[in-house]
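The following exercises concern the reading of a structural model. Each task is followed by a solution that proceeds step by step.

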Amino acid sequence: MADTPLIELTDIVKSFGPVSVLKGVNLKAYPGKVTALVGDNGAGKSTLIKGLAGVQPYDGGTVSFEGRTVNLHSPRDASHLGIEVVYQDLALCDNLDIVQNMFLGREETAGPIFDEGQMEREASETLRSLSVRTVKSVRQKVSSLSGGQRQTVAIARSVLKNAKLVVLDEPTAALGVAQTEQVLNLVRRLADQGVAVIIISHNLQDVFKVADYINVLYLGTMVASIPTAETTSDDVVGYITGSKTYDGANA
Amino acid sequence: MTTTPETPNPPASLDTTNLPAEGGFIGSGQEGGIRDQARSYIQRVRSGDMGALPAIGGLIVLVILFTILSQAMLGQQFFLTERNFANLLTQASSLVMLAMALVFVILLGEIDLSAGVTSGVALSAFVVLTKPDTINMPWVPALLIALAVGVLIGAFIGFFVARVGIPSFVVTLGLFIGLQGVTLILLGAGGVFRIQIPDFLAIENSNLPVWGGWVMLGVILVVSFGMSMWDRALRTRAGVPNRTFALVIAKLVVIAVLGGFVVAVLNQNRSSSIKEIVGVPIVVPIVLVILWVGTFLLDRTKFGRYIYAIGGNAEAARRSGIKVITIRWAAFIVCSVLAVVAGVFSASKVGSVNAGFGVDTVLSGVAAAVVGGVSLFGGRGRLMHAAIGALVIAVIANGLGLLNLPAGVNYIVTGGVLILAATVDAVSRVRAGGSLFRT
């Protein structure tokens, strides 16, 4: 762990009324690395992510981004820093094409009207930079895309504008084998370009295939943060279910 | 393949300069000659993206049918005549306008059942304000006030739909009932107000001079060519491929031939008496200007794009930072104002306003939009589609009327065509598959 983390969460606390969901969570994500966040339902993964996106600010703890302490009080704060979240439902408009979706809410204009050529080229370049080969035309309607292609568009959308940290919520949950493979490759390429990626997944097979670090949340506490190479699937299952404890001393 | 020029604002995290050249290129549907474009268009249609094609087909079939029926049943051609052609355009203008107005809210997946009675209230205000023996306001400011009434009613609907969150069906149903009362109070019970303003009546009842029609066609051609060249210049600057230039020429030729035919026919004398009647009805260029401006808004500006986005997936639009409430609100205002314009055409045509003004038009407007291929679920359809759908419905009313068939037949046929159009749309969509290029 020679690198300095892009983002570091320290002692993050969040509760809804009397229910304490996050009880002092620490998390680091590194540029160029894929950091997996796993944990059972109700462990607090979504709450942790919503805080990163600025949708649901944390109650306490510090967030340090590129070495500076920052506030994440609104989605705007997050996107200003270069934090993009791709939610599980992808939030794409089926009736619009790929370019229109990727630029939705931040269109390039020439005067009062759209600069479609500029948008088309940027969209095309972003997809190419991610070595996306499965999309025939950037003017294809999203309704005509497969699940994997949609995920690709959603991820490409997130990195279109200088994203430094991309958070992916269950990107492979609804995908078949081949498409899962494609998306995982995409995640890997994303990291290889220097983006810090946090991926949430229930599928440990996927996690071991793509992640550099694995973080396990258990009932609002980060019970393990391990380089993938130094652990096994059985151990991680143990941490997730709480049947095993991790002694982080030698990490 | 030429190298793409340097991006002015490249995504910092993504280095695109040293990509492998092989297989990296993603198309945009603009490539290839006229044959490739034709092939991709056919593919788009086959994959269910038919747009206004069924309505255009229906229009052609109806025109042929009524031409034959008129000859066969009446022994004389009443349908396919210069006079009826001009009549048809003026009769249809109000419905075309109303259908176009409704597109703005239908694209959001909303509805405005009060669009007709909104025009009733606005036109009542207009006739009361311009009444010679009382207020006697000049007609232009009175018209502006009528349009302002449209803005107010649209803002009212928008407030309850977008802010409070009541379904538009309910809000506008309430207004449909309530605004009839407003009209009744403004006009007094049983009141019929005749309009005696020559300039106002001229909208529907007078024509451009013969040269005016040709100038209109010239302007359309110049604007169409200018827009195409502007688009191409922007795309060239961005370094993305343009459609083949032959398509620009083809489009201009189609406009010139069709438009030239229409103007030429309308410039024939269609009078049955000594005083000759020639020229394009004044309402035609007005409708065309509104159609062009509206299409420009919907296709090329954020307002339009966000209407489509909200209609497609409102939650996605919200997460993208789009001010969903504001856009919805604005769409209802646009709809109500254009509905008032539709009312202006209708009042100009009839020459009077009564307490029932606009009550029975709104569902025809919705039907016209649907026949033209606008989806009631939102997110799909264009102003042009609604206009063509309105022409279909107007041709049915006009043709059956000329055949002296009872009015009941008109309703039955119109309803049948609506269901047929919806069926064609549904069936074409079931044949799924990838639609490769944008509409």
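A residue counts as buried if 20 or more other C-beta atoms lie within 10 Å of its own, as exposed if 12 or fewer do, and as partly exposed in between. The model treated here is predicted.

**Exercise 1.** Determine whether A:Asp11 and B:Asn136 are buried, partly exposed or exposed, and describe the backbone at each.

Solution. Step 1: locate A:Asp11, which lies in strand β1 (residues 7-16) of chain A. Step 2: apply the cut-offs. A:Asp11 has 13 other C-beta atoms within 10 Å and is therefore partly exposed. Step 3: inspect the backbone. The phi angle of A:Asp11 is near 50 degrees, a positive value in a residue other than glycine.

Step 4: repeat the procedure for B:Asn136, which is placed in the loop between α4 (115-130) and α5 (139-164) of chain B. With 10 other C-beta atoms within 10 Å, B:Asn136 is exposed. Its phi is near 55 degrees, again a positive value in a residue other than glycine.

**Exercise 2.** Assess whether the radius of gyration of chain A agrees with that of a compact globule.

Solution. Step 1: obtain the expected value. For 251 residues, a compact globule would have a radius of gyration near 18 Å. Step 2: compare. Chain A has 18 Å, which agrees. Step 3: add the extents. The C-alpha trace of chain A spans about 55 × 40 × 35 Å along its principal axes. Step 4: consider burial and contacts. Of the 251 residues of chain A, 53% count as buried. Among contacts between residues at least 6 apart in sequence, 65% join residues at least 24 apart.

**Exercise 3.** State the secondary structure of chain A and of its annotated domain.

Solution. Step 1: chain A has eight helices and twelve strands. Step 2: the unreviewed UniProt entry places the feature "domain: ABC transporter" at residues 7-244 of chain A. Step 3: over residues 7-244 the chain is 34% helix and 28% strand, and the end C-alpha atoms are 28 Å apart.

**Exercise 4.** Identify the edge strands of the open sheet β2-β1-β4-β5 (chain A).

Solution. Step 1: write the order. Four strands form this open sheet as β2-β1-β4-β5 (chain A), with antiparallel pairing. Step 2: find the ends. In chain A, β2 (19-29) and β5 (68-70) each have a single partner strand, so one side of each is left without a neighbour in the sheet. Step 3: the twist averages 30 degrees from one strand to the next. Step 4: examine one pair. Strand β4 (residues 60-65) of chain A is joined to β5(A) by three bridges in the antiparallel sense, and A:Phe65 stands opposite A:Arg68 in β5(A).

**Exercise 5.** Describe the surroundings of strand β11 (residues 213-218) of chain A.

Solution. Step 1: β11(A) is mostly covered, five of its six residues being buried. Step 2: with strand β3 (residues 34-39) of chain A, β11(A) pairs in the parallel sense over five bridges; A:Gly39 has A:Leu217 in β11(A) as its bridge partner. Step 3: with strand β12 (residues 221-227) of chain A, β11(A) pairs in the antiparallel sense over six bridges, and A:Ile214 has A:Ile226 in β12(A) as its bridge partner. Step 4: β11(A) and β12(A) form a hairpin with two residues between them, and A:Leu219 in the turn has a positive phi of about 50 degrees.

Key. Residues numbered from 1 in each chain as written. Chains lettered and ligands numbered in written order. Predicted model: local features only at pLDDT ≥ 70, side-chain atom pairs only at ≥ 80, totals over all residues. Rg over C-alpha atoms; globule rule 2.2 N^0.38 Å. Contact = placed C-beta atoms within 7 Å. UniProt positions renumbered as here; feature names shortened; annotations may be inferred. Pairing = 2+ DSSP bridges. Axes fitted to C-alpha atoms, helices over the stretch in contact; angles between N-to-C directions.
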